[in-house]
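Student: Please take a close look at one part of this structure, the surroundings of a bound ligand and the metal sites, and describe what is found there.

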Amino acid sequence: MNKLTLAGIITAVVMLGATWLSVGGSKGGLNGDIVNMLAVAGAVALVIITVFVVIKYVRQMQDDTASGKLADENWDGIGEYKNELPAGWAFMLLGTMIWAMWYMLSGYPVNAYSQIGEYNEDSAAHAAKFEAKYASIEGDELVEMGESVFLAECKVCHGLSADGIDGKAADLNHRISKESVMHVIMNGANNMKTDFPGGMPMGLNYSFADEAELNKLVDYVVAGLPADDKEGAQLFEKGTCNSCHGANGEGMAYAGPKINSFDVATVSSVLKDGKKGAIGTMPAFSRLNAKQIEAVSAYIASLSK
Amino acid sequence: MFHWLEKHPFFFAVGVFVTIAFAGLIEIVPNFAQASQPVIGTKPYTTLELAGRHVYIKNSCNACHSQLVRPFKAETDRYGDYSLSGEYAFDRPFLWGSKRTGPDLLRVGNYRTTDWHENHMKDPASVVPGSIMPAYTWLYTNEADIDTAYAEQVTVKNVFSVPYNTPLPMKDGSKETVALADTLEGAQASALEEAKLVVADMKSKDIQDAVAAGKIPEIVALIAYMNSLK
Amino acid sequence: MENRPLEYDYTVAKMFMLTTVLLGIVGMLVGVILAWELAFPAVNTFLGQGAAEYTNFSRLRPLHTDAVIFGFTLSGVFSTWYYVGQRVLKVSMAESKFLMILGKTHFWLYLVGVVAVVVSLLMGVTTSKEYAEFEWPIDIAIVIVWVLWGVSIFGLIGMRREKSLYISVWYYIATFLGIAMLYVFNNMEIPTYFASGGIGAWWHSVSAYAGTNDALVQWWYGHNAVAFGFTVPIVAMIYYFLPKESGQAVFSYKLSLLSFWGLMFVYLWAGGHHLLFSTVPDWMQTMGSVFSIVLILPSWGSAINMLLTMKGEWQQVASSPLIKFMVLASTFYMFSTLEGPIQAIKSVNAIAHFTDWIVGHVHDGVLGWVAFMIMASLFHMAPRVFKREIYSKSLMNTQFWIQTLGVVLYFTSMWIAGITQGMMWRAHDEFGNLAYSFIDTVTVLHPYYTIRAVGGTLYLIGMFLFAWNMYKTMTAGRRVEENELQNASPMAA
Ligand code: HEM
Ligand code: HEM
Ligand SMILES: [Ca+2]
Ligand SMILES: [Ca+2]
Ligand SMILES: [Cu+2]
């Protein structure tokens, strides 16, 4: 084989090999996605065509000689041959022109395609594929799915380990922090309007005798309402907290959310309406589907277990 | 014929011009009127939002961020609904961008919040480890140019009939009106009111003090703008 | 008069040569800074926290694009025009006082424009439209500069002794007309200060088009600004400088003719490929894709014509670095005009759009084709305008190889980065969720951003060698006589 061809082939192979390594290394790779395949096919065609066309012309520089009839005119010493068009080029120009007309007018009628139509088909196919699968996802697999949602959607605010990045968002490894409990007791809250339309009233701190008592109650809630803390439980009743959140903070439908730990229902409520609290504002996540919400909620519930 | 043209530069130039000019007519003109109709739910920018948009442009955020959600499943999953032409009816200039070094921001108001932006714009890597976005610290001290934003509002209202002070249909069936003050002082006052709502969700004492003193730092305007992107 | 060789006057050509070199270095230096900023964000504050407002990636990016387009490339176009124009029309600028004054005014006003652009972009005064960032006062200055150039072109043509126009002149005329039309329509904007009765910043304006319409006009401009800025005038250069330097006659008049009119006709229709999957109607997008494919042929026509002009002249390619620059330039031209159409295919664009693969495409065009061709042109001009031999051939050779390596590192890394990122954005995991958060698709690019920065730095080093070689040629090259300047440029070892 000639040195030039060899160099060309090596160039093409190196380019494509490196791309393949990079793409293949990413989760998914070509992923059976027709768009991915066409893009790679385009990249392959680009390298191969260029390399071989260039080789063709370099050969002519090496082996051929210039010839033809010179035109009469000449500009600053530059002449012009009256050579015919290179046949391959002329043929392809004509060919692409005809193809373009055909494509635009009849071959693939311009109006027969709609990108939104294509999107609808793709989405439907995606939904069909995964809805069938969703029914069987539960338990550990559900948590695993939830983790994947968390990493794609939530980690920018809550951090990779869901620790809230130095207090910039809620630390999801614990149900709640001291500041947040104090905040709702003093200021009340009404974020999760869908599931708890009444909200929590403000000023419940006045139910308590003094700062010390209030602190005890808060510690009790932050600790997840431990069964052996009788004093805390009493204070919880004293503040009428149990009337909305249930005796041990298990939560009550429409009245108050579960506050002793995260469960699917609580997290879903937050995702539905978002939440503004002591730390900051958490956006609502309406674009997640029901299964994704269930999964990410299960994942968060699993963190504090 | 061509050889003749080459000897007659004037006609040559006319020939070139005609050849290159009519493609533009055919490609651009037919869609012009239709694309400018707003879809339901689209509102013109308030003074503060528009000042924020100017901050966005001044810092060329569009160099890294697009504002165009293409109709692909993966994009609507990541950013929300795909773009509709009428959503951009009040965007002068359009800010679709052509490079996504950072994520699309067309609907960022849906899934990021004031306090997050406050942290992020000051030091992106502190909330998103590995981020290559520059830190925009000067936005916290420079003041937003409310006057120019107001001048632009007045201009688009008068010249392009952008519907300020007009009830506009929203997606939920209600109507909303974006008010435009009659005077510059009025506009400054209403921008300040709007700024107060934004800083209520911010943590920085300096920013809160600045707004309390009647100043509007660029970051406040920028966040108002980003929150409006939905 | 008829038999005596003309004394061409290169005063204006020389002035623009200076800005070509200077703004080339400035623009590419900024490009290199940008590249390092993406690889290592700490570089955003390389002049300290206090200056970060002016040195961060986003403030500098428009400065890079405008410095290399309106600074480096345009200066190159003007400079070669003031050189080539005289020679192929066989008239000297010295024959007309009017044209001399006009040419100098053209240069000085251009320089004022450049200063205004640099200051305004650093201050953040921009309209955000790519390659048309300037506010209205600068637009007006640009239009005046452009008109001056136009008068100068047609003035010189009016005085010509060569009856019919050489191919290069066709392309210069097209550059003038194309940019004039595009620039004016894309910059329709209303100054808000005047429209609001004197409120706010006096330089601020608002676009006359909104949303999708604005996008259509902008990319009709943007695409064709590439055509009439990075393609048409550069083709003008290669049609003159390659045959002249090599002493070969152009391979085929017919091919020149068809390529020219084909390019004029097809280019304008292809702009839709910047708006694929956007909110412009499907038929316009399809039209953009289809015409992009057709566009391969008129583009390749010129490149092939040039490569065939060198038929049988391999020894020249092997021995002259100047010819090497031009032959490699036409090869890169072929590469990017095949890559562009492939990226314009809808399914490919779905991956490529918004990613670094586009940036790769841009730079194999601009570094491998535009900048190579401009530098080669200046190398050819230098001995003629300074009447001195090129200072160092080996330096030129070194520059060629360093820069070639630079371009190769640039486009290969961006190609891989773009395809990787495009695919990661689309990936769903086994549960049907997005497989990656956005930041995952950013951090994977770090090695490629680093390689690109290295490639860019190599290219910039080559620019410095170029500037040094030009400077030494001007000041210390051996003096040469007219008869040494027929074809191959004289150069010292
Ligand atoms: C047949 C010729 C060409 C075609 C069909 C073509 C096509 C394309 C396409 C499809 C894009 C990407 C649009 C996107 O998805 O964002 C693009 C971008 C670009 N191309 Fe080309 N290209 C061609 C030749 C060239 C040449 C020769 C150059 C420069 C020397 C060039 C410079 C650019 C630039 C600067 C951009 C970036 C525009 C932006 O800012 O988004 N192109 N081209
Ligand atoms: C030393 C050489 C150069 C380096 C290192 C360099 C680097 C860069 C970088 C980092 C970007 C931004 C890409 C991004 O946003 O991700 C860029 C954009 C760009 N550069 Fe360069 N550049 C160089 C030379 C040039 C030259 C010589 C030209 C033109 C003659 C040029 C034209 C452009 C254009 C048109 C863009 C915008 C591309 C787009 O929006 O798609 N560059 N360059
Ligand atoms: Ca771009
Ligand atoms: Ca402008
Ligand atoms: Cu284009």
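Tutor: The residues of the shell around ligand 1 divide into 13 nonpolar, 14 polar and one charged. The model is a predicted one, and what follows is computed from its atoms. In total, 28 residues surround ligand 1, and the closest of these are Glu130(C), Tyr131(C), Asn349(C), His353(C) and His361(C). Ligand 1 itself lies between chains B and C.

Helices of chain C contribute to this shell: α8 (211–246), α13 (321–344) and α15 (356–386) each supply at least two residues. The largest share, seven residues, comes from α15(C).

Three of the side chains place a polar atom close to oxygen atoms of the ligand. For Tyr131(C), a side-chain N or O atom is 2.6 Å from an oxygen atom of ligand 1. For His353(C), a polar side-chain atom also lies 2.6 Å from a ligand 1 oxygen. For Glu130(C), the distance from a polar side-chain atom to an oxygen atom of ligand 1 is 3.1 Å.

Ligand 1 also contains an iron atom, whose only protein donor is His361(C), through NE2 at 2.1 Å. His361(C) sits in helix α15 of chain C, the helix that gives the shell its largest share of residues. The iron atom of ligand 1 and the copper ion (ligand 5) are separated by 4.5 Å.

Glu130(C) leads on to a second metal site. Together with Ser98(B) (OG), two OE donors of Glu130(C) coordinate the calcium ion (ligand 3), at 2.1 to 2.7 Å. Ser98(B) is in the loop between α5 (73–79) and α6 (114–122) of chain B, while Glu130(C) is in the loop between α4 and α5 of chain C, so the pair joins two chains. Ser98(B) and Glu130(C) are both buried.

The other calcium ion to consider is ligand 4. Its protein donors are Phe134(C) (O), Asp139(C) (OD, twice), Asn187(C) (OD1) and Glu189(C) (OE, twice), which lie 2.2 to 3.1 Å from the ion. Along the chain these donors follow the spacing F-x4-D-x47-N-x1-E. Phe134(C), in the loop between α4 (97–123) and α5 (136–158) of chain C, and Glu189(C), in strand β1 (residues 189–191) of chain C, are 55 residues apart, and the pair links distant parts of the chain. Both of these residues, Phe134(C) and Glu189(C), are buried. The arrangement around ligand 4 is irregular because its six donor atoms subtend angles of 45 to 142°.

Back in chain B, the loop that holds Ser98(B) is also the place of Asp91(B), between α5 and α6. Asp91(B) counts as buried because its relative accessibility is 4%, under the 20% cut-off. Its side chain makes a polar contact with the side chain of Arg53(B), at 3.5 Å. Apart from neighbours within four places in sequence, Asp91(B) is in contact with Tyr45(B) and Arg53(B), and with Tyr209(C), Ala210(C) and Gly211(C).

The helix at the end of that loop, α6(B), is mostly covered, with seven of its nine residues buried. These are Thr114(B), Asp115(B), Trp116(B), His117(B), Glu118(B), His120(B) and Met121(B). They pack against α5 (139–158) and β2 (281–282) of chain A, and against α7 (124–127), α9 (184–199) and α11 (218–228) of chain B.

Note on methods:
Residues are numbered from 1 along each chain as its sequence is written. Chains are lettered from A and ligands numbered from 1 in the order in which they are written. This is a predicted model: local features need pLDDT of at least 70, side-chain atom pairs count only at pLDDT 80 or more; totals for chains, interfaces and linings use all residues. Side-chain values use heavy atoms; hydrogens and water are left out. A residue is near a molecule or strand if one of its heavy atoms lies within 4 Å of it. A polar contact is a pair of N or O atoms within 3.5 Å; within protein, one must be able to donate a hydrogen and the other to accept it, and residues adjacent in sequence count only if both atoms are side-chain atoms. Helices (H or I, at least four residues) and strands (E, at least two) are DSSP runs, numbered from the N terminus. Ala, Val, Leu, Ile, Met, Phe, Trp, Tyr, Cys and Pro count as nonpolar, Asp, Glu, Lys and Arg as charged, and the others, Gly among them, as polar. Donors are N, O and S atoms within 2.8 Å of the metal (3.2 Å for Na, K and Ca); water is not among the atoms, so sites may look incomplete. Four donors count as tetrahedral if all angles lie between 85 and 135 degrees; four count as square planar and six as octahedral if opposite donors are over 155 degrees apart and all others between 65 and 115; anything else is irregular. Buried means under 20% relative accessible area, exposed over 50%, partly exposed in between (1.4 Å probe, protein chains only). Contact means heavy atoms within 4.5 Å.
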